[in-house]
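Work through the exercises below with the sequence and the model in view. Each task is followed by its solution.

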2 protein chains.
Amino acid sequence: MRPKSLEKEEAIRTMALQIIAKEGLENLSMQKLAKAANISPRTIYLKYENKEDFLIKLFIEEVLGNYESAILEDFSPTMDFTEGVKKIWMNAFQYLKNNKPSFALIKYGKSSPLLNKAYQQKNIKQGDYFSPIHNFLELNITAGIIKNFPHDVLRALLNAPLIDLVSEYFDYLDRPQQIITEEMLTECCESVIKGLLK
Amino acid sequence: MRPKSLEKEEAIRTMALQIIAKEGLENLSMQKLAKAANISPRTIYLKYENKEDFLIKLFIEEVLGNYESAILEDFSPTMDFTEGVKKIWMNAFQYLKNNKPSFALIKYGKSSPLLNKAYQQKNIKQGDYFSPIHNFLELNITAGIIKNFPHDVLRALLNAPLIDLVSEYFDYLDRPQQIITEEMLTECCESVIKGLLK
DNA sequence: CAAATATAAGTAAACGTTTATTTATTTAAT
DNA sequence: ATTAAATAAATAAACGTTTACTTATATTTG
C-alpha cells in the first residue's frame with residue numbers, strides 16, 4: 001500500500017497558519033488551503049474529519065503544543081520566582097518572534113468561540129494539575145513569596161502583557177524603530193513581577 | 001420622501017454583535033445578519049458600502065467609540081496615578097460586564113487582520129495626542145511617578161491584564177463560583193500599578 | 001527475483017448550499 | 001406626485017464536502 005506523505009500533512013498545517021496570519025481565520029477556506037498546499041481538497045479530509053476538526057487539531061496539537069514546549073525549555077517549577085518568570089517570558093518571546101503564523105492563531109484562541117471552547121476543554125481535561133507552571137505558582141504562593149491570587153488570575157496578570165507586547169513587536173516591524181527589544185521586555189517582566197511579590 | 005429608519009440601523013448593529021459573540025466573526029454572513037435583523041440584505045448595503053466597510057464601522061464607531069466613552073467617565077488626566085488607573089479599570093469592567101457582545105468584537109480587534117489594521121489607522125490618524133489617557137501617562141512620566149516606558153508598552157502593561165480578567169469573568173459565569181469580583185479586580189489593579197511605580 | 005496483486009493515498013471534478021452583492025420593483029412619507 | 005427607503009428575488013462566485021477514479025508502494029505470488 002501507498003504510505004502517507006508527511007510533507008503533505010505538514011504543508012496543510014503550514015499553509016493554513018500562513019493564510020490565517022495574512023488574511024485572518026475568517027478568510028481561510030478548505031479550497032483555498034488545498035490550492036496553497038498544492039493538493040486536492042479531498043486530501044485534507046483524509047486526515048481530518050471536517051473543517052472544525054482540522055482547526056481544533058491545528059490549534060491544540062500544532063500551535064499550543066509547540067508553544068508550551070518552547071516556553072518550558074530550561075524551566076523548572078523549583079526555580080526562584082523572578083528567574084522562573086523571566087525564563088518563561090524570554091522563551092515565549094524567542095519562540096513567538098520566530099513563529100509569527102503560530103502567534104496569529106494563538107491570538108484567535110481568545111476570540112474565536114470554536115477555539116476558545118477547545119482550549120477550555122483541553123485545560124479541564126488535563127486538570128491543569130500536572131503543568132509545571134501550575135506547580136511553580138503553587139510553590140510560590142505557599143511559600144508566601146507572591147500574592148495569593150487564583151491561578152487563572154495569576155495567569156492573566158503574568159501572561160496577558162507578554163502577549164500584547166509580542167503583538168507590539170510585530171506591529172513595530174513595519175516602523176523605523178523597534179521598541180520591543182529583549183531589554184525592554186526584561187524591564188516589563190520585572191514590573192509585572194514586582195506587582196505580584198508580597 | 002420616506003425617512004430612514006433608525007431602528008433598522010440599530011437592529012443591524014445589535015444583531016451583528018450578537019452573532020459574532022455567539023458564533024464568531026467567521027460565521028457572520030450578510031444574509032444571516034439580514035434575517036436576524038428582520039430586514040432585506042439589500043438594506044444593509046444602503047447604509048454600508050460592503051461587508052468590510054460594515055465591520056470596520058461597527059468596530060470603530062459602535063464598539064470602540066462607546067467603550068472609550070465609558071472608560072473615560074469621571075476620569076481626568078490630572079488625577080493621581082493610582083486613582084486614575086483604578087477609575088479606568090472599574091469603568092471598563094462595569095461597561096464590558098454589561099456589553100458582552102461588544103467585548104466579543106473587541107477581542108477580535110487584536111486577531112483579525114481587517115480590524116487590527118482599521119484600529120491602527122485610527123490611532124495613527126488621531127495622532128493619539130489628544131487622548132486623555134495619553135496626557136495622563138505623559139504627566140505621570142514627566143513627574144517621575146511611573147517608569148519611563150513608551151506609551152504603547154504602558155498600554156500593554158495596563159490594559160492587557162484587564163481584558164484577560166474580563167474574559168475570565170465571562171468564562172466563570174458558567175461555573176459555580178465567580179472569582180472575578182470587583183474586589184479581586186481592585187487587588188489586581190493595585191498589583192499592576194505597583195509594578196509601574198518608580 | 002521480477003511480475004502481479006492488494007490497498008490505502010491521492011486526485012479531478014463535481015455536489016448542493018451559501019456567500020457577498022445587485023437588479024428590478026414596491027412602499028411610505030413629504 | 002415625488003423620491004428615497006426598503007424589499008423580494010436573483011446573480012455569479014465561493015463554500016464545505018463527496019463521488020468516482022487514478023496512482024504509488026508493500027506484499028504476495030510464480
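## Exercise 1: the two copies

A turn of 180° and a shift of 0.0 Å along the axis lay chain A on chain B with an RMSD of 0.1 Å (least-squares superposition on the C-alpha atoms of residues with pLDDT of at least 70 in both copies). The model is predicted: local features need pLDDT of at least 70 and side-chain atom pairs pLDDT 80 or more, while totals for chains, interfaces and linings use all residues. Residues are numbered from 1 along each chain as written, chains are lettered from A in the order written, and side-chain values use heavy atoms, without hydrogens and water.

Task: State how the two copies are related.

Solution. Step 1: the turn is 180° and the shift 0.0 Å. Step 2: the copies are therefore related as by a two-fold rotation axis. Step 3: both copies use the same surface, since 100% of the contact residues of chain A recur in chain B (contact: heavy atoms within 4.5 Å).

## Exercise 2: DNA strand C

Task: Find which residues come nearest to DNA strand C, and which polar atoms lie by its phosphate oxygens.

Solution. Step 1: 25 residues surround the strand, and A:T43, B:M30, B:Q31, B:Y45 and B:K51 come nearest (near: a heavy atom within 4 Å). Step 2: sugar and phosphate make up 55% of the strand C atoms within 4 Å of the protein. Step 3: a phosphate oxygen of strand C lies 2.7 Å from a polar side-chain atom of B:Y45, 3.2 Å from one of A:K47, and 3.2 Å from a backbone N or O atom of A:S40.

Conventions. A polar contact is a pair of N or O atoms within 3.5 Å; within protein, one must be able to donate a hydrogen and the other to accept it, and residues adjacent in sequence count only if both atoms are side-chain atoms.
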